[in-house]
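Biologist: Before we discuss this structure, could we go through it one question at a time, with the reasoning given for each answer?

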Amino acid sequence: IAAPDWISSLPKAELHIHLDGSLEAGRMLQLAQKNGVELPYKSVEEVAQAYNFTDLQSFLDLYYMGASVLCDEEDFYHLMMDYLLQCKANNIVHTEIMIEPQTYLPRGIGFEVFMSGFRRAMRDAADQWGQSVLLILSLLKHTSEEECIQVLEMADAWRDDFVALGMASTELGNPPEKFARLFELGKQRGYELTTHAGEEGPPAFIWGSLQVMNVTRIDHGVRCLEDPTLVDYLREHQIALTVCPLSNIRLRVFNAMADHNIVELMQQGLKVTINSDDPAYFGGYLNDNFCAVAEQFNLSQADVLTLIKNGFEASYLRNERKAYFL
Ligand code: HPA
Ligand code: ZN
């Protein structure tokens, strides 16, 4: 999908992107070869054929397998730089990227390895074209709270590199209450708090994220419309939803873009933002997501500008920086 020029050329913020989800097939195959990692694909075409998901878990299985090719500092540099070049191409002037240490730590890859690569790419992109980046420490819901707390403690040595604490991975079977203590500890450490909720899970999981985890932003959250009281709460507190349209279609949260509820979310007065989630897996970066929604629902220029403005307003930038972008 080629995003219309006027949308593509506008400066945007992205608030919901898993760095491992930006690992393109070509890079994945190259690193697999370099590092001697076995994958069930031999070509970019075979990878594309395999990316036929039925739900969140069927995606996550391939997503963690893909990330298993990442081994040394240079691999992590390329992973970050490939995405930051996409930011430049998509006019994403500010991005907030989820980093998931639990995907690397079990293979003996420590914070110093991946953080060195990430930092070097972030520094190069800032020097070369002024790219603005904040990192989110994203922990995995399918793991125990105990393990998450250990990673949070490990991250204390890297506290200044992360603006926020978030959570992703398997939502069903892992309610917010499971992570009450983790988020209390995150709050004590001064992290901004966000989490995935209401993607496959019920509105009760969004309530729990707000009331038990104390988050101020919700990743996805599209199932909120099933609970009018929750919609009122989200509107009153202007809790931002980081919606990922192409992801929602590919993971069958909605059957087709025509069935997506993003227009109703906006009509309900909610603070909706558009994001790419895992662009290498879902077939589109940020401009493709904006374009798909704008085309499907014939969005007005004012609607598109509101979505873009929401992205900056809901960001974790300091107020002075936020004002600069707005
Ligand atoms: N949901 C949950 N976990 C994830 C996702 C998602 O959309 N993408 C990457 N990890
Ligand atoms: Zn996500």
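Biologist: In which helix is Ala 125 found?

Modeller: This is a predicted model, and the answers that follow should be read with that in mind. Leaving aside residues up to four places away in sequence, Ala 125 touches Met 81, Leu 84 and Gln 131. The element that holds Ala 125, which spans residues 111-129, is helix H6.

Biologist: Is Ala 125 buried or exposed?

Modeller: The cut-off for a buried residue is 20 or more other C-beta atoms within 10 Å. Ala 125 has 21 other C-beta atoms within that radius of 10 Å, and therefore Ala 125 is buried.

Biologist: What distance separates the C-alpha atoms of Ala 125 and Gly 166?

Modeller: Along the chain, Ala 125 and Gly 166 are 41 residues apart. In space, the separation between their C-alpha atoms is 24 Å.

Biologist: Which residues does UniProt list for "binding site"?

Modeller: The listing comes from an unreviewed UniProt entry, and annotations of this kind may be inferred rather than shown by experiment. The residues listed there are His 16, His 18, His 196 and Asp 277. Although they are spread over 262 residues of sequence, they cluster in space, the largest C-alpha distance being 11.6 Å.

Biologist: Where is His 16, and is His 16 buried or exposed?

Modeller: His 16 has its place in strand S1, which covers residues 12-18. Not counting residues up to four places away in sequence, His 16 touches Asp 219, Thr 242, Cys 244, Asn 275 and Asp 277, the last of which UniProt also lists for "binding site". Because 32 other C-beta atoms lie within 10 Å, His 16 is buried.

Biologist: Which strand holds both His 196 and Thr 194?

Modeller: His 196 is buried, with 29 other C-beta atoms within 10 Å, and Thr 194 is buried with 29 as well. Beyond four places in sequence, the contacts of His 196 include Met 167, Ala 168 and Glu 171, while those of Thr 194 include Ile 136, Ala 164 and Gly 166; Asp 219 is in contact with His 196 and also with Thr 194. His 196 lies in the strand of residues 192-197, and Thr 194 is placed there too, in S5.

Biologist: Which residue is covered by the UniProt annotation "active site", and where is Glu 199 found?

Modeller: The "active site" annotation, again from an unreviewed entry, covers Glu 199. Glu 199 is buried, with 24 other C-beta atoms within 10 Å, and the contacts of Glu 199 beyond four places in sequence are Leu 56, Glu 171, His 220, Val 222 and Val 253. The place of Glu 199 is the loop between S5 and helix H9 (203-211).

Biologist: How do the residues of the shell around ligand 1 divide into nonpolar, polar and charged?

Modeller: Among the residues around ligand 1 are His 18, His 196 and Asp 277, which UniProt lists for "binding site", together with Glu 199, which carries the "active site" annotation. Others around ligand 1 include Leu 56, Tyr 63, Ala 168 and Ser 169. By class, the shell divides into three nonpolar, five polar and three charged.

Biologist: What is the phi of Ser 169, and what is the phi of Arg 252?

Modeller: Most residues other than glycine have a negative phi. Ser 169, in the loop between strand S4 (162-168) and helix H8 (180-188), counts as buried because 21 C-beta neighbours lie inside 10 Å, whereas Arg 252, in the loop between helix H11 (245-250) and helix H12 (262-267), has 15 such neighbours and therefore counts as partly exposed. Phi is positive in both residues, near 75° for Ser 169 and about 60° for Arg 252.

Biologist: Which residue in S8 stands opposite Leu 241?

Modeller: Strand S7 (residues 240-243) is joined to S8 by four bridges, and the two run parallel. In strand S8 (residues 271-274), Lys 271 and Thr 273 point one way and Val 272 and Ile 274 the other way, and all are buried. The residue in S8 opposite Leu 241 is Val 272.

Notes. Residues numbered from 1 in each chain as written. Chains lettered and ligands numbered in written order. Predicted model: local features only at pLDDT ≥ 70, side-chain atom pairs only at ≥ 80, totals over all residues. Buried ≥ 20, exposed ≤ 12 C-beta atoms within 10 Å, placed from the backbone. Contact = placed C-beta atoms within 7 Å. Pairing = 2+ DSSP bridges. Near = placed C-beta within 6 Å. Nonpolar A, V, L, I, M, F, W, Y, C, P; charged D, E, K, R; others polar.
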